[in-house]
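Work through the following exercises with the sequence and the model open. Each task is followed by a solution in steps.

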Amino acid sequence: MQAIHGYRETERLHWGAAAQAVLARVRAQAFAEGSQLLGPVHVLDLDESGYIKPHIDSVKFCGSTIAGLSLLSDSVMRLVRENNTADWVELLLTRRSLYILRDGARFNFTHEILKDAESSFAGQKVARQRRISVICRNLPTSSEGKGANKC
Ligand code: OGA
Ligand code: MN
């Protein structure tokens, strides 16, 4: 995805037992029982200078909920309302935390991960090191859109 700089990524369908147990906990928190999930889990490895520019994940390929585990490094995620950029919020994603973007936060706000030089929270610098995120998504319902092939 062009929104992301300084990264490598992969998708993984099959996980070992320990990781599967973690993913099961993430899914139980994030998704309603029986909801249709995107099979492969997305793993994004940002190097210490890597960052993610503002974007909204494809509504055609991804559903109402995005759940991300942040590993290795703290980071700052900024949400900006698409039709009113004065409406924004920053979230401190501490390492090993889980965030869930759902419904309005997912559809009506862009999300971004700040680069090290811009990365601060409540007046404190948040040093960005290499950060790996593990992202679970659900599938769109038919009313949300159909047909594309990439988030
Ligand atoms: C993405 C994305 C956020 C993260 O890959 O679309 O927004 O936590 N990732 O890495
Ligand atoms: Mn995204």
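**Exercise 1. The cavity**

What volume does the largest cavity have? Describe its lining as well.

Solution.
- The model is a predicted one. The volume of its largest cavity is about 130 Å³.
- Next, list the residues at the centre. The lining is made up of 16 residues, and I52, H55, H111, I135 and R137 are the closest to the centre of the cavity.
- Then assign the lining to secondary structure. Two or more lining residues come from each of β2 (41-55), β7 (109-113) and β10 (131-137).
- Finally, sort the lining by residue class: nine residues are nonpolar, four are polar and three are charged.
- As a check on the search, count the cavities of 30 Å³ or more: there is one.

**Exercise 2. The partners of β2**

Which strands pair with β2, in what sense, and over how many bridges?

Solution.
- Start with β1 (residues 4-12). This strand pairs with β2 in the antiparallel sense, over eight bridges. One position to locate in the model is V41 of β2, which has R12 opposite.
- Go on to β10. This strand also runs antiparallel to β2, and five bridges join the two. Here L46 has R131 of β10 as its bridge partner.
- End with β7. The pairing with β2 is antiparallel and consists of two bridges. In this pair, I113 of β7 stands opposite I52.
- Now connect this with Exercise 1. I52 is among the residues closest to the centre of the largest cavity, and β2, β7 and β10 each give two or more residues to the lining.

**Exercise 3. Positive phi outside glycine**

Take D103 and A122. Where does each lie, and is each exposed or partly exposed?

Solution.
- Begin with the backbone angle of D103. Its phi is positive, about 50 degrees, although D103 is not a glycine.
- Place the residue: D103 sits in the loop that runs between β6 (98-102) and α2 (104-107).
- Classify its exposure. The relative accessible area of D103 is 42%, so the residue is partly exposed; the class "exposed" requires over 50%.
- Repeat for A122. This residue, also other than glycine, has a positive phi near 50 degrees.
- A122 belongs to the loop between β8 (120-121) and β9 (124-125).
- With a relative accessible area of 72%, A122 counts as exposed.

Definitions and conventions: Residues are numbered from 1 along each chain as its sequence is written. Chains are lettered from A and ligands numbered from 1 in the order in which they are written. This is a predicted model: local features need pLDDT of at least 70, side-chain atom pairs count only at pLDDT 80 or more; totals for chains, interfaces and linings use all residues. Side-chain values use heavy atoms; hydrogens and water are left out. On a 1 Å grid over the protein atoms alone, a cavity is a set of points where a 1.4 Å probe fits but cannot get out, and a pocket is an open set with protein on both sides within 12 Å along at least five of seven lines; lining residues have an atom within 4 Å of a point. Grid points are joined across faces, edges and corners, and a volume is the space filled by probe spheres set on the points. Helices (H or I, at least four residues) and strands (E, at least two) are DSSP runs, numbered from the N terminus. Ala, Val, Leu, Ile, Met, Phe, Trp, Tyr, Cys and Pro count as nonpolar, Asp, Glu, Lys and Arg as charged, and the others, Gly among them, as polar. Two strands pair if DSSP finds at least two bridges between them. Buried means under 20% relative accessible area, exposed over 50%, partly exposed in between (1.4 Å probe, protein chains only).
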